[in-house]
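Colleague: I am new to this one and would like to learn how to read it. Could you walk me through it, one feature at a time?

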Amino acid sequence: MAKHTYKFCFGPWNISEGQDPYGPPVRTPQTFDWKLAALKKLGYDAMMFHDDDAVPDVSSKSDAQVRKETRELRKKLHDAGVAAELVAPRLWFDPRTIDGAYTSNDPQCRRYAIERSLRTIDIANQLGTKLIVLWLAREGSYIRESKNARQCVDYLVEAINRMLAYDKKIRISIEPKPNEPMDHAYIPTIGHALALAQLTSDPERVGCLIETAHAILAGLDPADEIDFAMSFGKLWSIHLNDQNGLKFDQDKPFGSANLRVAFNQVRALERNGYGTRGEYVAFDVHPFRPTKPEHWLAHLENSRRTFLKLVQKARTFDEKQARALIRDRNYADLDQLVIEHLLGK
Ligand code: XUL
Ligand code: MN
């Protein structure tokens, strides 16, 4: 197995304030500068951004103002020696995307979504990254009869084609999630994302981003999603976290709910050489709501710690013994081999 080192990333939204649908924030927001310093202190390598993480209220600002603020951010990142991994348009907040962004029934709203996405590409270019991520949050339906799903696939292709034509160098990673905030999303899994890529004008530049919790919410094993995406050479980023079954999107620390599922994700990343082509390991994790401000970074520190320990577990797993048990179709002892390896001495 490859013995490369990994590079790590998180986004400003991962130092969050604890709001949920039933209660307000419970921690006072930190400034961007504080978050960048925290990222440095934790020894992470890169930060990921939404367009409005980079330029707050991006939609209400002029092109010149967006360029100016992005330039300032670029300098901050440069001075800190931190890379920008990717930029994602945060389309789901704006009132114009209330009924979907690229797939809204209203042509003006669809136009807004595309224009905002092109601006995201400008921001990415200025920050020195060619990776654009699309979490297709409101591209789905609450009421199936409210939209034409066949038409919505065409809208998604049209939006992606506009982005690909706007900048011939960008790559787009689709981050699928089966539901939430909608009842059902049109692109719920990695299979859907990669199939959609084939309908676009440049399939080679459309790949995916797997988030552990989103795969679990789709009833899938994230390790299999990793192997599937990497069979196509299309896993360009990953959001590791955890999820305790089919609940709301929990974004727990990596390995928190199911260590064995986490181990298998690391094993899949290892066997496919994830990271050797410059990809980052990002943790899309959130602090538990009761977290005190003085413990605010623990979920990020712990996720990376667990990841690195699982890399060691993957590299020291007795592959020879496992192969012998597989040859003998002795899956009971293979199961126990994994359990005892994870339990340690
Ligand atoms: C939401 C989510 C997003 C994306 C980026 O569940 O994961 O933060 O990672 O838009
Ligand atoms: Mn994510």
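Modeller: Gladly. Let us begin with a term: a residue is called buried when its relative accessible area is under 20%, and exposed when that value is over 50%. Keep in mind as we go that this is a predicted model.

Colleague: How many residues of β3 are buried?

Modeller: Five of its six residues are, so β3 is largely enclosed by the rest of the structure. Strand β3 covers residues 83-88. Its partner is strand β2, residues 46-50, and the two run parallel, joined by four bridges. One place to look is A83 in β3, the bridge partner of A46.

Colleague: What does β3 give to the lining of the second largest pocket?

Modeller: Three residues, and that is the most from any element. Strand β9, residues 235-240, also supplies at least two residues of that lining. The space in this pocket comes to about 300 Å³. Its lining has 18 residues, and the closest to the pocket centre are R171, W236, R277, G278 and E279. By character, the lining splits into seven nonpolar, five polar and six charged residues.

Colleague: Now the metal. Which residues coordinate the manganese ion (ligand 2)?

Modeller: Look for E175 and E211, each through OE, H239 through ND1, and D284 through OD, at 2.0 to 2.2 Å from the manganese ion (ligand 2). Along the chain, these donors follow the spacing E-x35-E-x27-H-x44-D. H239 sits in strand β9, while D284 is in the loop between β10 (281-283) and α10 (298-316), so this pair ties together parts that are 45 residues apart in sequence.

Colleague: Why is the arrangement around the manganese ion (ligand 2) octahedral?

Modeller: Start with the ideal: six octahedral donors would give angles of 90 or 180 degrees. A real set is allowed some spread, with opposite donors over 155 degrees apart and all others between 65 and 115. Here the six donor atoms around the manganese ion (ligand 2) subtend angles of 77 to 167°, which makes the arrangement octahedral.

Colleague: Are H239 and D284 buried or exposed?

Modeller: H239 counts as buried because its relative accessibility is 3%. D284 is buried too, with a relative accessible area of 7%.

Colleague: What about the backbone? Where should I look for a positive phi in a residue other than glycine?

Modeller: Try D251, where phi is near 50°. D251 lies in the loop between β9 and α9 (259-271), and its relative accessible area of 10% makes it buried. R329 is not a glycine either and has a positive phi of about 50°. You will find R329 in the loop between α11 (319-327) and α12 (331-343). At 68% relative accessibility, R329 counts as exposed.

Colleague: Which peptide bond is cis?

Modeller: The one from E180 to P181, with omega near 10°. P181 belongs to the loop between β6 (171-175) and β7 (184-185).

Colleague: One last feature: how many residues apart along the chain are R144 and H184?

Modeller: They are 40 residues apart along the chain, with 8.6 Å between their C-alpha atoms. R144 is placed in the loop between β5 (140-141) and α5 (149-166). Its relative accessibility is 49%, so R144 counts as partly exposed.

Methods. Residues are numbered from 1 along each chain as its sequence is written. Chains are lettered from A and ligands numbered from 1 in the order in which they are written. This is a predicted model: local features need pLDDT of at least 70, side-chain atom pairs count only at pLDDT 80 or more; totals for chains, interfaces and linings use all residues. Side-chain values use heavy atoms; hydrogens and water are left out. On a 1 Å grid over the protein atoms alone, a cavity is a set of points where a 1.4 Å probe fits but cannot get out, and a pocket is an open set with protein on both sides within 12 Å along at least five of seven lines; lining residues have an atom within 4 Å of a point. Grid points are joined across faces, edges and corners, and a volume is the space filled by probe spheres set on the points. Ala, Val, Leu, Ile, Met, Phe, Trp, Tyr, Cys and Pro count as nonpolar, Asp, Glu, Lys and Arg as charged, and the others, Gly among them, as polar. Donors are N, O and S atoms within 2.8 Å of the metal (3.2 Å for Na, K and Ca); water is not among the atoms, so sites may look incomplete. Four donors count as tetrahedral if all angles lie between 85 and 135 degrees; four count as square planar and six as octahedral if opposite donors are over 155 degrees apart and all others between 65 and 115; anything else is irregular. Buried means under 20% relative accessible area, exposed over 50%, partly exposed in between (1.4 Å probe, protein chains only). Two strands pair if DSSP finds at least two bridges between them.
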